[in-house]
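Here are my notes on the model you asked me to look over. I've kept them short and numbered.

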Amino acid sequence: MGKRASSLPNMVLTLLMITAVAGGSLGFVFQMTKAPIEAAAVAKQQEAIQLVVPDFDNDPAAEMYELTSSEGFPLKVFPARKGEELVGVAIETMSNRGFSGEIKIMVGLKPDGSIINYQVLEHRETPGLGTKMDDWFKPAVVVEGRKEPGTRLLDGFFGIKAGESGDTKNILGKHPGTTRMVVKQDGGEVDAITAATITSRAFLHAVEVAYTTYTERTDAASSATTQYNEEEGGDNEPVE
Amino acid sequence: MNRLIVSPSPHVHSGDSVKKNMYGVIIALLPALAASLWFFGLGALIVTLTSVVACVLFEFLIQKYILKQPASIGDGSAAVTGLLLAFNLPTNIPLGIILIGSAVAIGIGKMSFGGLGQNPFNPALVGRVFLLISFPVQMTSWPLPLASRASYLDATTGATPLSVMKEGLATGRPFSEVMGDVPSYLDLFLGVMGGSAGEIAGVALVIGLIYMLWTKIITWHIPVAVVGAVAAFTGVLHLIDPAAYASPLFHVLTGGVLLGAIFMATDYSSSPMSVKGMLVYGVGIGVITVLIRTYGSYPEGISFAILIMNMFTPLIDKYIKPKRFGEVIKSKA
Amino acid sequence: MNQWSNFSKGFLKENPVFILLLGLCPALGVTSSAINGLGMGLATTFVLVMANIVVSLIKGFIPDKVRIPAFIVVIATFVTIVEMTMQAYVPALFDALGLFIPLIVVNCLVLGRAEAFASKNNVGSSIVDGAGMGLGFAFALTLLGGVRELLGSGHFFGFAIYPEDYGMLVFVLAPGAFIALGYLIAILNRLKKA
């Protein structure tokens, strides 16, 4: 068959048919994938909650409630309970100060406010730099084989000093009320990710927001406050 | 044999050659080298030697085994690149990083584009910026001058005046207090501050400039335009708000402005040919440097500024052409 | 045309990235690791084959003046299908490629093959062309990603080859992508000459 002439009815009709077929098939695929996409999102959320708060036996997702940060972002709070006792909360928090776009993290806080663990949920940071935040702020894993003579020679060749940053990049177990959750460049107490200071700032900002929003809320309810003040003088004295 | 030799013009050669100019540049760099040896001792010696030897060696290897050209390392241009690269490195930088920097400077910065005279970017700066992005930690810990002359890798480190200023402002300390941590202007001019090997001693760099102007290796236009633009731009900022912006003298004497303006921006093949073009190019470098220093995330921006303006050199040469000899200026009809 | 040469031309002779320099946005943007490059390449291959099939089927039916919008709608449909399927069944890969999947729509390689090949050839040849070009694209992206991953972070397909601390960060960033691409093109040209 030859080409159809480019007359107006022909063109309109053709585009109409193509878009109709395209729309129809997209609708079909959307229906097909809707359930799996939601399931994947829920699974990811469950996984993150399980990682950032200690064992619990309730369903945190069912007890989820929302708080609004001072900047107006909604924060999802997932309380984790064992029996009747509150063992921690997982807070889905975010910051829009990242290098590119928003950073969403799930951070687990003990009832007194100290950090249990965190997991990065969503971000668009630079691969290889900003993406290091996945593990950067956790305690350093001791790399095996660092003591081999060959590696030591290479370390000298490239000027890498093992463990020079000590514990100052780790935020787990620390309390945002006593440890300033700001990178060292800005006068805080946390080492920024090498060559990704902006990402580090945004990350710590998100943690800070989660902490302040949550404690303000509990202050208002005045339930955990006294307990939190008692513990403050304990193991996390300010370094200054 | 008494024959009449017939040859095309020119008949009288000035004796100017690549070799002569390159060795002239090396002589002009000697005061700064002496200053870096005085301030940083052993570290400066190791870094400079490694960098020069590595650059010459890489040029020789690439010419012999990859390009299969006759070797041209005798003209001194690879040695100049090595020397300038070393001047742009902290003197406690480990050997492996110097080797990578030299390979990048010669391999990517120079030979990839066809060798001497064909490179659109200053090769030493290509090496330096490559290292700065690749190894930010090692490239931004500078040894303290005088304090650690006998040590190399384990030298005591400190901040440069520019990074003191940037970090001070970021932490929100009052500006006058921050500036109290910075050495005096005389110290800055003599070079008693943290920094890369060859950039600290302003007085030695100026002596090199005077020598190069005297022997006509370079003209005054680019260095003066760069320094003038930095001074003018920071001067305006300083006048607007002296409590937030440092004085022009501080900006000219710190970081790599003098080294960059005198030795890096004046690289023949990556800078414009006409006088007007040189002025445009120099002012561009100065303005971009101040923009990066004041508003960017890096404390120092002269290397980036020079590379950026290197990119504009062909464009500048295209629009600002030197007048042809004997050309009559067209009257507007 | 010989179907084998029609298929194999995408790998070296007319490689989309190294020779035609098409689709450089994803080629430079997502190739910070080999696995990202492979994933992006395979997703593009799928879109390319499907778009080529449909375009060659409906080529006689579309009036000339509206062929570009028609092709774009076809391509965009398949890209959205890929996006939703990935999000549902391989969320980890979807997280890594994220932003770049929708950009397959404007990848000039896909529209270019639809316009230059599929709208002039029959279905069989179009499938072979799409598969060849797509796999050539995937090959180029994987190679580029592998080189950048190895030099930048000391890994290859996620396996540690040497400690990450020795890696040259610049190769993980955009400038390193340009440098690596430039040298890969130079090496391939040299090999072709020999």
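The points below start with the sheet in chain A and then move out to the contacts between chains.

1. First, a caveat: this is a predicted model, so please read everything below in that light.

2. Let's begin with the sheet in chain A. It is an open sheet of 5 strands, in the order 1-2-3-4-5, and the pairing is antiparallel. From one strand to the next, the twist averages 25 degrees.

3. Which strands stand at the edges of that sheet? They are strand 1 (65–68) and strand 5 (115–122) of chain A. Each has a single partner strand, so one side of each is left without a neighbour in the sheet.

4. The partnership between strand 4 and strand 5 of chain A is worth a look on screen. Strand 4 covers residues 103–109 of chain A, and its antiparallel pairing with strand 5 runs over 6 bridges. To find your place there, look for Lys104(A), which stands opposite Glu122(A) in strand 5 of chain A.

5. Next, the helix on the sheet. Helix 1 of chain A lies across strand 2 (74–82), strand 3 (85–95), strand 4 and strand 5 of chain A. Relative to strand 5 of chain A, helix 1 runs at about 160 degrees.

6. Helix 1 of chain A, residues 8–52, also holds Ile37(A). Is Ile37(A) buried or exposed? Neither quite: Ile37(A) has 19 other C-beta atoms within 10 Å, and a residue needs 20 or more to be called buried, so Ile37(A) counts as partly exposed. Leaving aside residues up to four places away in sequence, Ile37(A) touches Gln87(C) and Ala88(C).

7. That takes us to the contact between chains A and C, which draws 31 residues from chain C and 30 residues from chain A. On the chain C side, helix 4 (67–89) and helix 7 (123–153) each supply at least two residues. Helix 4 of chain C gives the most, with 12 residues. By class, the chain C side that touches chain A divides into 18 nonpolar, 10 polar and 3 charged residues.

8. Finally, chain B. Its contact with chain A takes 12 residues from chain B and 9 residues from chain A. The elements of chain B that give two or more residues to this side are helix 4 (95–110), helix 6 (136–139) and helix 7 (161–170). The chain B side that touches chain A has 8 nonpolar, 3 polar and 1 charged residues.

Terms used
Residues are numbered from 1 along each chain as its sequence is written. Chains are lettered from A and ligands numbered from 1 in the order in which they are written. This is a predicted model: local features need pLDDT of at least 70, side-chain atom pairs count only at pLDDT 80 or more; totals for chains, interfaces and linings use all residues. Two residues are in contact if their C-beta atoms, placed from the backbone, lie within 7 Å. Helices (H or I, at least four residues) and strands (E, at least two) are DSSP runs, numbered from the N terminus. Ala, Val, Leu, Ile, Met, Phe, Trp, Tyr, Cys and Pro count as nonpolar, Asp, Glu, Lys and Arg as charged, and the others, Gly among them, as polar. A residue is buried if 20 or more other C-beta atoms lie within 10 Å of its own, exposed if 12 or fewer, and partly exposed in between; C-beta atoms are placed from the backbone. Two strands pair if DSSP finds at least two bridges between them. Axes are lines fitted to C-alpha atoms, for helices over the stretch in contact, and angles run from 0 to 180 degrees between N-to-C directions.
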